[in-house]
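Hi,

Here is the structure I promised to send over. Have a look at it first, and my notes on what turned up are underneath.

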Amino acid sequence: MDSSINPEELQISHHHAGVEHEHDEEGNKMFGFIVFLLSESVIFLSFFAGYIVYKTTTPNWLPAGVSGLEITEPAINTVILVSSSFVIYLAERALQNHNLKGFRLYLGATMAMGSYFLVGQAIEWSNLEFGFTSGVYGGMFYLLTGFHGLHVFTGILLQSIIFVRSFLPGNYESGHFGVNATSLFWHFVDVIWIVLFILIYIWQ
């Protein structure tokens, strides 16, 4: 019986084992990240439920002197933010195809679109006729839009990190968890905003 071991076969076996370990590790990380997003969803859902209950039960829902919110600019910001989900998807695809220039281009565009949204929200806030203490409506409006804006800012920060890391030689050769997680977070932020836009701006 030949008990000799082929060094090449042993090396291939170790390589396959290493790849499988990396895949398992990335899968575990992604599962943990999804659980985190689910916990964030619960927080937002509780806010949504509170908003609906207060809106349907509070007399004189809008603050005195306020007839409603201007919808044109927020609608434009919404289109830009939601469109950025498609752009970051293109960034993911570019990275999968080992196109770092395309990855950086699309990721940079996503960050610019997210920043545009935040600036637009800041401008809207500065022009509003009510504040955080203007009744239940004022408190709920600033809480919901502000908490979401914090998530948008976090998403841009994460994108800037993976953008910088793309300049490190061979950084994404071992896996794309950071990119995939950041992209998933961004899609989550966009979906949450669609719900917020309907609740706050459409359902007035």
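Let's start with the core. The largest nonpolar core has 41 residues, and the members that touch the most others are Y51, F103, F141 and I200. Keep in mind that this is a predicted model. Helices α1 (7–57), α2 (72–96), α3, α4 (135–165) and α5 each put at least two residues into this core, and α5 gives the most, with 13 residues. If you want one residue to click on, try I200: leaving out residues up to four places away in sequence, I200 touches Y51, L69, F141, L144 and T145. Two of the names in that list, Y51 and F141, are also among the core members that touch the most others.

As for the overall layout, the chain has 5 helices and 0 strands, so to speak a plain α-α-α-α-α run from the N terminus on. Of the 204 residues in the chain, 37% are buried. Contacts across the sequence are mostly long-range ones: among those with a separation of 6 or more, 79% are between residues 24 or more positions apart.

Now the helix pairs. Two packed helices are described by the angle between their axes and the distance between the axes. Here is what that gives for two pairs.

Take α3 and α5 to begin with. Helix α3 covers residues 100–127 and helix α5 covers residues 177–202; their axes come within 13 Å and cross at roughly 30°. An angle under 35 degrees counts as roughly parallel, so α3 is roughly parallel to α5. The crossing of this pair is left-handed. On the α3 side the contact is made by F103, T110, G114, F117, Q121 and E124, and on the α5 side by V179, W186, W193 and Y201. Sorted by class, the residues of this contact come out as 6 nonpolar, 3 polar and 1 charged. You'll recognise F103 from the core.

The other pair is α3 with α4. Their axes are 10 Å apart and the packing angle is about 155°. Since an angle over 145 degrees counts as roughly antiparallel, α3 is roughly antiparallel to α4. This crossing is left-handed too. The contact of α3 with α4 has 13 nonpolar, 10 polar and 2 charged residues.

I88 is another good residue to look at. I88 lies in helix α2 and counts as buried because its relative accessibility is 3%, where the cut-off is under 20%. The C-alpha atoms of I88 and L107 are separated by 5.9 Å, with the two residues 19 apart along the chain. Apart from residues up to four places away in sequence, I88 touches L107, T110, Q159, T182, S183, W186 and H187. Two of these, T110 and W186, also take part in the contact of α3 with α5.

Finally, a couple of backbone oddities. Most residues other than glycine have a negative phi. N60, which is not a glycine, has a positive phi of about 50°; N60 is in the loop between α1 and α2. H98 is not a glycine either, and has a positive phi of about 60°; H98 is in the loop between α2 and α3. Are these two buried or exposed? N60 counts as exposed because its relative accessibility is 73%, and H98 counts as exposed at 70%.

Cheers

Terms used: Residues numbered from 1 in each chain as written. Predicted model: local features only at pLDDT ≥ 70, side-chain atom pairs only at ≥ 80, totals over all residues. Heavy atoms only, no water. Axes fitted to C-alpha atoms, helices over the stretch in contact; angles between N-to-C directions. Helix = DSSP H or I, 4+ residues; strand = E, 2+ residues; numbered from the N terminus. Parallel < 35°, antiparallel > 145°, perpendicular 65-115°, else oblique. Left-handed = near helix turned anticlockwise from the far one by under 90°. Contact = heavy atoms within 4.5 Å. Nonpolar A, V, L, I, M, F, W, Y, C, P; charged D, E, K, R; others polar. Core = buried A, V, L, I, M, F, W, Y, C linked by side-chain atoms within 4.5 Å. Buried < 20%, exposed > 50% of the residue type's maximum accessible area, 1.4 Å probe, protein only.
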